[in-house]
Amino acid sequence: MQLGMIGLGRMGGNIVRRIMRDGHTAVVFDKSADAVKSLVGDGAEGSNSLEQFVERLTKPRVAWVMLPAGKITEETIEHLAKLFEPGDIIIDGGNSFYKDDIRRAKALKQYHGIHYIDVGTSGGVWGLERGYCMMIGGDKASVDRLDPLFKTIAPGRGTIPVTPHREKRDPRAEMGYIHAGPAGAGHFVKMVHNGIEYGLMQAYAEGFDILRNKNSDQLPEDQRFDLNMPDIAEVWRRGSVISSWLLDLTSIALAQHPDLENFSGSVEDSGEGRWTIDAAVEEAVSANVLAASLFARFRSREQHTYGEKMLSAMRFGFGGHVEPPSGSKG
């Protein structure tokens with residue numbers, strides 16, 4: 001099956017590599033000629049403009065937009081809509097706001113006859129090998145049509161034990177992807193996923209900060225422990241209730257730099273955490289932990305504790321997110 005990819009950054013480029021490795025074909029476009037050249041070297045068909053990109057797609061066309069949420073994604077989708085034909089599909093795989101998806105899907109269908117799919121995509125810099133967990137929104141016929149691509153991009157069952165009593169449920173969830181609902185549902189589920197991610201990361205960071213400061217000179221001498229952070233992270237990975245991929249990444253970071261001296265502790269937020277709290281307010285749902293974790297990120301840009309350095313380390317580990325330059329404000 002053929003896929004067009006616009007945006008060849010950390011995730012877009014590796015999604016293309018992953019599908020080609022499984023026998024699918026790809027047409028690619030990016031404002032960076034070097035990024036296009038790299039994918040062409042891996043077997044993709046390159047293009048130097050959106051017009052040429054569209055010309056090289058086989059009808060009915062499928063274009064995946066993997067760009068930062070906001071103006072650039074909006075403008076790219078609007079441009080594509082003018083070049084596409086009825087029956088073509090546009091996918092937004094970035095972290096767009098779900099209400100924007102609802103609006104786009106209606107407009108594309110009404111004025112152009114184009115199908116719109118939103119894909120909440122999780123996997124970060126590790127996705128090429130691990131696969132990408134996907135939460136998909138859109139009409140059933142379009143999502144089903146693209147199932148061969150989604151199945152290739154997803155992680156697959158791997159070595160995770162089968163969950164009891166799922167025999168009559170959608171097997172795609174066990175493969176690492178779901179059709180969450182109509183347009184907007186995919187990004188909504190991914191938005192809440194990222195809100196939860198903030199909370200989990202904050203819990204680890206605060207816990208390790210408590211461990212780290214157990215040798216404080218503010219404590220009675222016989223109550224001070226000089227605890228080994230790398231070993232604690234490693235032992236918790238193996239059989240403990242709080243084991244997770246985030247803990248795996250924490251252990252990797254601590255093994256290399258126990259004092260996390262290579263991180264300042266300034267932690268950015270990409271938007272989904274704020275949107276999750278907005279949704280909680282709209283629904284009158286209590287979200288104490290998720291809200292607190294978002295506010296902790298705001299505070300991290302003013303003062304940096306060991307726990308905040310750990311948040312930076314985890315964020316870099318799963319997503320390749322680099323800290324902002326020293327002195328910048330969020």
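Select residues 2-6 and 25-29 in this predicted model. These are strands S1 and S2, which run parallel and are joined by five bridges. To check the register, pick Gln-2 and look across to S2, where Thr-25 stands opposite. Next, follow the chain from S1 to S2: the connection passes through helix H1, residues 10-21, and this β-α-β crossover is right-handed.

Now add residues 62-65, strand S4. S4 is also parallel to S1, and the two pair over three bridges. Select Gly-4 in S1, whose bridge partner in S4 is Ala-63.

Keep S1 selected and show its side chains. In a regular strand, side chains alternate between the two faces of the sheet. Which residues of S1 lie on each side? Gln-2, Gly-4 and Ile-6 are on one side, with Leu-3 and Met-5 on the other. Both faces are covered, and five of the five residues in S1 are buried.

Zoom out to the protein chain, which has 15 helices and eight strands. Its radius of gyration is 22 Å, close to the 20 Å that the globule rule gives for 330 residues, so the chain is as compact as a globular protein of that length. Along the principal axes, the C-alpha atoms fill a box of roughly 75 × 50 × 40 Å.

Colour the chain by burial: buried residues make up 48% of the 330. Then switch to the accessible surface, which comes to about 16600 Å², with 55% of it belonging to carbon and sulfur atoms. Finally, display contacts between residues at least 6 apart in sequence; of these, 68% join residues at least 24 apart.

Note on methods: Residues are numbered from 1 along each chain as its sequence is written. This is a predicted model: local features need pLDDT of at least 70, side-chain atom pairs count only at pLDDT 80 or more; totals for chains, interfaces and linings use all residues. Side-chain values use heavy atoms; hydrogens and water are left out. Buried means under 20% relative accessible area, exposed over 50%, partly exposed in between (1.4 Å probe, protein chains only). Helices (H or I, at least four residues) and strands (E, at least two) are DSSP runs, numbered from the N terminus. Two strands pair if DSSP finds at least two bridges between them. A crossover is right-handed if, with the strands pointing away from the viewer, the path from the first strand over the helix to the second runs clockwise. The radius of gyration is taken over C-alpha atoms; the globule rule is 2.2 Å times the number of residues to the power 0.38. Contact means heavy atoms within 4.5 Å. Accessible areas come from the Shrake-Rupley method with a 1.4 Å probe; for residues, only the protein chains shown count as cover.
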